[in-house]
Amino acid sequence: MTKVYPVILCGGSGTRLWPRSRRVKPKPFLPLLGDRTLFQQALDRVSDSGLFEAPIVVAGEAHTSFIAEQAGEHRLVVEPAAKNTAPAIALAARLLPRDAVMLVCPSDHHIADEAAFLDGVRTAASLAREGYLVSFGIAPDRPATGYGYIKRGQTVGAGHRIERFVEKPDLERAQQFLDDGGFVWNGGIFAFPAGRLLDELETYRPEMAEAVEASVASGEWDGSRFDPEAAAFARIAGESVDFAVMENTSHAAVVSADIGWSDIGDWSALMEARQADEDGNVLSGRTEAMGCRGVMVDTDGPRVSIVGLSDVIVVVDGDEILVLSRDHAQSVGKLDGAANQ
């Protein structure tokens with residue numbers, strides 16, 4: 001079987017994990033779950049040389065030093081500007097053979113069940129080889145309001161056609177989706193045939209496709225690093241691959257996967273991904289919790305002592321201290337400290 005080409009996307013600032021994650025060193029490059037960073041764990045998942053080619057990493061200049069420190073063998077595509085996922089993926093696709101199957105993965109997600117993930121990759125790759133643009137759909141275990149959803153349509157191979165994409169719902173709609181059983185979370189992981197992806201981009205976003213083509217044609221390799229031509233890339237209006245391609249194409253499919261997935265999108269999600277004690281507490285660093293349930297403390301130095309609290313998260317990073325209720329974790333990115341770095 002032809003090997004799969006992993007494409008690891010390093011973008012975003014991770015402000016909802018402020019103050020631990022900062023623009024100068026965002027969450028992919030931090031060891032938030034174990035000794036390896038989220039970026040390194042993403043690379044580890046695609047390290048089987050029998051299944052995968054060496055990865056292509058797409059990132060901005062600001063993060064290239066972290067990639068050099070943390071990555072093994074790879075090719076690096078340095079975006080001249082942040083333009084969202086569609087142009088980033090298209091750059092990588094343009095550098096691959098047209099018949100290559102690319103596995104597009106964010107650099108900052110957590111996947112607990114690697115075996116199930118690899119099974120999903122094989123299934124998605126088989127559909128991609130038939131010409132489908134494949135999303136990974138995550139089997140929902142609760143009525144989450146922080147994720148987009150995919151409505152599965154008719155069966156195709158070991159997956160389904162995509163009937164429609166749904167933006168982040170309110171709690172009532174999310175419960176309806178869970179009760180329906182035909183909806184999955186949009187995990188932001190994809191398997192694309194490189195040529196078909198570029199063809200669909202040319203059909204639905206011709207100006208973006210033309211700018212990517214011009215940027216790659218005039219770009220330059222320096223060893224394993226590729227720099228697209230900046231002026232052509234600057235013409236691109238940034239857009240996600242979901243909006244630019246997936247919601248328009250007639251070749252969209254979804255593979256449902258129960259892989260222990262989390263986007264680690266905020267402190268509450270990180271707490272869920274970590275191992276809790278018998279009281280539901282997750283304690284890291286010099287900390288003491290007395291009479292507490294469902295709390296997380298993450299301190300990089302000063303002692304933190306908490307008494308009689310529930311569902312609270314405390315983070316200490318250098319001279320910054322964050323205290324929040326778990327059900328307000330999505331709001332952290334709006335704080336002045338996070339938004340105005």
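**Exercise 1. Decide whether I306 is buried or exposed in this predicted model, and find which residues it touches.**

Start by locating the residue: I306 sits in strand 17, which covers residues 304–307. Next, look at its accessibility. The cut-off for buried is under 20% relative accessible area. I306 has 8% relative accessibility, so it counts as buried. Now look around it. Not counting residues up to four places away in sequence, I306 touches E288, A289, M290, C292, V295, V297 and V314. Finally, take one of these partners, E288: it is 18 residues away along the chain, yet the C-alpha atoms of I306 and E288 are separated by 6.4 Å.

**Exercise 2. Describe the surroundings of S21, and find which backbone atom lies 3.0 Å from a polar atom of its side chain.**

Begin with the loop between strand 1 (4–10) and helix 1 (38–45), where S21 is placed. Then check accessibility: S21 has a relative accessible area of 1%, so it is buried. Its contacts come next. Leaving aside neighbours within four places in sequence, S21 is in contact with S13, G14, P26, K27, L30 and Q341. One of these partners supplies the atom we want: the backbone nitrogen of K27 lies 3.0 Å from a polar atom of the S21 side chain.

While you are in this loop, have a look at P19, which is also placed between strand 1 and helix 1. The peptide bond joining W18 and P19 is cis, with omega about 5°.

**Exercise 3. Work out how many residues of helix 1 are buried, and what covers them.**

Count along the helix first: seven of the eight residues are buried, and helix 1 is mostly covered. The buried ones are L38, F39, Q40, Q41, A42, L43 and R45. Then turn to the cover, which includes strand 1, strand 2 (56–60), helix 2 (64–70), strand 4 (101–106), strand 5 (110–111) and helix 4 (114–129).

**Exercise 4. Find which residues have the most contacts inside the largest nonpolar core.**

A useful background point: in soluble globular proteins, nonpolar side chains tend to be buried together. Here the largest nonpolar core has 48 residues, and those with the most contacts inside it are F39, I67, L103 and F117. Helix 4 gives the largest share of this core, eight residues. To see one of the well-connected members up close, pick I67: leaving aside neighbours within four places in sequence, it is in contact with C10, F29, F39, V57, A59, H74 and L76. Don't stop there, though: a second, separate core of 43 residues includes F165, A211, F226 and V241.

**Exercise 5. Classify the packing of helix 6 against helix 7.**

Take the geometry first. Helix 6 (residues 194–204) and helix 7 (residues 206–217) pack at an angle of about 130°, with their axes 5 Å apart. The two helices are therefore oblique to each other. Then list the residues making the contact: L201, E202, T203 and Y204 from helix 6, with P206, M208 and A209 from helix 7. Sorted by type, the contact residues are five nonpolar, one polar and one charged.

**Exercise 6. Compare the accessibility of N84 with that of I264.**

Start with the backbone. N84 has a positive phi of about 75° although it is not a glycine; I264, not a glycine either, has a positive phi of about 45°. Now place them. N84 is in the loop between strand 3 (75–79) and helix 3 (85–94), and I264 is in the loop between strand 13 (261–262) and helix 10 (267–273). Last, read the accessibility: N84 is partly exposed at 44% relative accessible area, whereas I264 is buried at 0%.

Terms used. Residues are numbered from 1 along each chain as its sequence is written. This is a predicted model: local features need pLDDT of at least 70, side-chain atom pairs count only at pLDDT 80 or more; totals for chains, interfaces and linings use all residues. Side-chain values use heavy atoms; hydrogens and water are left out. Helices (H or I, at least four residues) and strands (E, at least two) are DSSP runs, numbered from the N terminus. Buried means under 20% relative accessible area, exposed over 50%, partly exposed in between (1.4 Å probe, protein chains only). A polar contact is a pair of N or O atoms within 3.5 Å; within protein, one must be able to donate a hydrogen and the other to accept it, and residues adjacent in sequence count only if both atoms are side-chain atoms. Contact means heavy atoms within 4.5 Å. Axes are lines fitted to C-alpha atoms, for helices over the stretch in contact, and angles run from 0 to 180 degrees between N-to-C directions. Angles under 35 degrees count as roughly parallel, over 145 as roughly antiparallel, 65 to 115 as roughly perpendicular and the rest as oblique. Ala, Val, Leu, Ile, Met, Phe, Trp, Tyr, Cys and Pro count as nonpolar, Asp, Glu, Lys and Arg as charged, and the others, Gly among them, as polar. A nonpolar core is a set of buried Ala, Val, Leu, Ile, Met, Phe, Trp, Tyr and Cys residues joined through side-chain atoms within 4.5 Å.
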